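Let's take a walk through this chain together, from single residues out to the way the helices pack. Keep the viewer open as you read.

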Amino acid sequence: MPNPYEELFEDSDQKKPETPADPPAARPELQPPAPEDTVEPLDSILHKIEAFQSQGEQFSIFLSKTRAVDHREEANTERPLLSLFFVVNDDHDKSSLASEKAHYNLLQGKFRNIMDQMKDLALLHLDIVKRFNADISKQYYSIEKDDFQVKKEIEFAVDQIQMQRRILGEATRDLDILEDALKATERRLKKWIDAGSINNLSAAEFHLLQQNRAELTSGKIHQFDYSFFDLNALDKLALRLGIYLKETTAQYFNQLSVAMDVR
């Protein structure tokens, strides 16, 4: 029978060594914070501008290939006053209803494709203007750059904001041409209403075509008032931003936010 008191009289060196406990895990809240990569506000804006430059170049090439200007003459064929007294021939008149519809769909496709890409660029432009208005002022100070470099970079940012506006303005001009061409096509389609045979167009279908076109060209579908970028307003923008004033960029940002349906 084993002696229950044997362990009490054993020498310390004869005892079994105890397994050391694992060291307590380091508490995450006591760990030093990891260093963060800080980007100065002006540098962040310049990075956004670089992104716009890349996308804007691709968009400009796309506008060239879309060739909205090919439809400029067609868009200017509306002569309602003359048509009251004379039969005015339209050189763009198609030979059949199917041909007119195909042309109408082509114009809508061009319009929609421009709007899709233009809105993405306009949102990036909005972000740049928002950051510029919030972070940049005449008292802007940089830890890494001297005052001269900061001044030059701010001037560059202002120039690029104007260039962005010009690119978006060119797209607006193309959209205006396509909208007018669509309306001109609708005037030609109208003559096929109740024409009978294979070229028959019901009044109901015609009115639906007009309604759907109006929703597209008004910017309602894209929630985007592209008319804000009309080239006629570009000179006013240049005067506003040419000499930097906080109030004018804030006003421009507010108007741009409304155009982009961002409140």
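**A tour of the helices**

Start at serine 96: setting aside neighbours within four places in sequence, serine 96 is in contact with Trp192 and Asn199. Keep in mind throughout that this is a predicted model. Serine 96 sits in the loop between helix H3 (80-83) and helix H4 (97-135). Is serine 96 buried or exposed? With 18% relative accessibility, serine 96 counts as buried, because the cut-off for buried is under 20%. One of the two contacts is a long way off along the chain: serine 96 and tryptophan 192 are 96 residues apart in sequence, yet their C-alpha atoms are 8.7 Å apart in space.

Now step back to the whole chain. There are eight helices and zero strands, so if you read along the sequence you get the pattern α-α-α-α-α-α-α-α. Of the 263 residues, 37% count as buried. Take the contacts between residues at least 6 apart in sequence, and 83% of them join residues at least 24 apart. The pairing of serine 96 with tryptophan 192, 96 residues apart, is one to keep in view here.

Next, the packing of the helices. Two packed helices are described by the angle between their axes and the distance between the axes. Try H1 (41-66) and H5 (147-189) to begin with. H1 and H5 pack at an angle of about 30°, and their axes are 10 Å apart. That angle is under 35 degrees, and H1 and H5 are therefore roughly parallel to each other. The crossing of H1 past H5 is left-handed. On the H1 side the contact includes Leu42, Leu46, Ile49, Phe52 and Phe59, and on the H5 side it includes Val150, Ile154, Phe156 and Ile167. Sorted by class, the contact of H1 with H5 has twelve nonpolar, four polar and three charged residues.

H1 also packs against H4, at an angle of about 160° and with the axes 10 Å apart. Here the angle makes H1 roughly antiparallel to H4, since anything over 145 degrees counts that way. H1 passes H4 in a left-handed crossing too. By class, this contact of H1 with H4 has 14 nonpolar, seven polar and five charged residues.

H4 has another partner in H6 (residues 203-217): their axes come within 11 Å and cross at roughly 20°. That makes H4 roughly parallel to H6. Once more the crossing is left-handed. From H4 the contact uses Lys101, Tyr104, Gln108, Phe111, Arg112 and Met115, and from H6 it uses Glu205, Leu209, Gln210, Arg213, Leu216 and Thr217. The class count for the contact of H4 with H6 is five nonpolar, three polar and four charged residues.

One of those H6 residues deserves a closer look. Arginine 213 lies in helix H6, and at 10% relative accessibility arginine 213 counts as buried. Which residues does arginine 213 contact, leaving aside neighbours within four places in sequence? They are Tyr104, Gln108, Glu179, Leu182, Lys183 and Glu186.

What about the nonpolar interior? The largest nonpolar core has 51 residues, and those with the most contacts inside it are Phe59, Met118, Phe132, Phe224, Phe229 and Leu256. H1, H4, H5, H6 and helix H8 (246-259) each supply at least two residues of this core. Which helix gives the largest share of this core? That is H4, with 14 residues.

H8 brings us to alanine 250, which is placed in that helix. Alanine 250 counts as partly exposed, at 24% relative accessibility. The C-alpha atoms of alanine 250 and alanine 134 are separated by 8.5 Å, while the two residues are 116 apart along the chain.

Finish with two loop residues whose backbone is worth checking. Aspartate 194 has a positive phi of about 55° although it is not a glycine. Aspartate 194 is found in the loop between H5 and H6, and it is exposed, with a relative accessible area of 61%. Glutamine 223, likewise not a glycine, has a positive phi near 50°. Glutamine 223 belongs to the loop between H6 and helix H7 (234-242), and its relative accessible area of 48% makes it partly exposed.

Terms used:
Residues numbered from 1 in each chain as written. Predicted model: local features only at pLDDT ≥ 70, side-chain atom pairs only at ≥ 80, totals over all residues. Heavy atoms only, no water. Helix = DSSP H or I, 4+ residues; strand = E, 2+ residues; numbered from the N terminus. Buried < 20%, exposed > 50% of the residue type's maximum accessible area, 1.4 Å probe, protein only. Contact = heavy atoms within 4.5 Å. Axes fitted to C-alpha atoms, helices over the stretch in contact; angles between N-to-C directions. Parallel < 35°, antiparallel > 145°, perpendicular 65-115°, else oblique. Left-handed = near helix turned anticlockwise from the far one by under 90°. Nonpolar A, V, L, I, M, F, W, Y, C, P; charged D, E, K, R; others polar. Core = buried A, V, L, I, M, F, W, Y, C linked by side-chain atoms within 4.5 Å.
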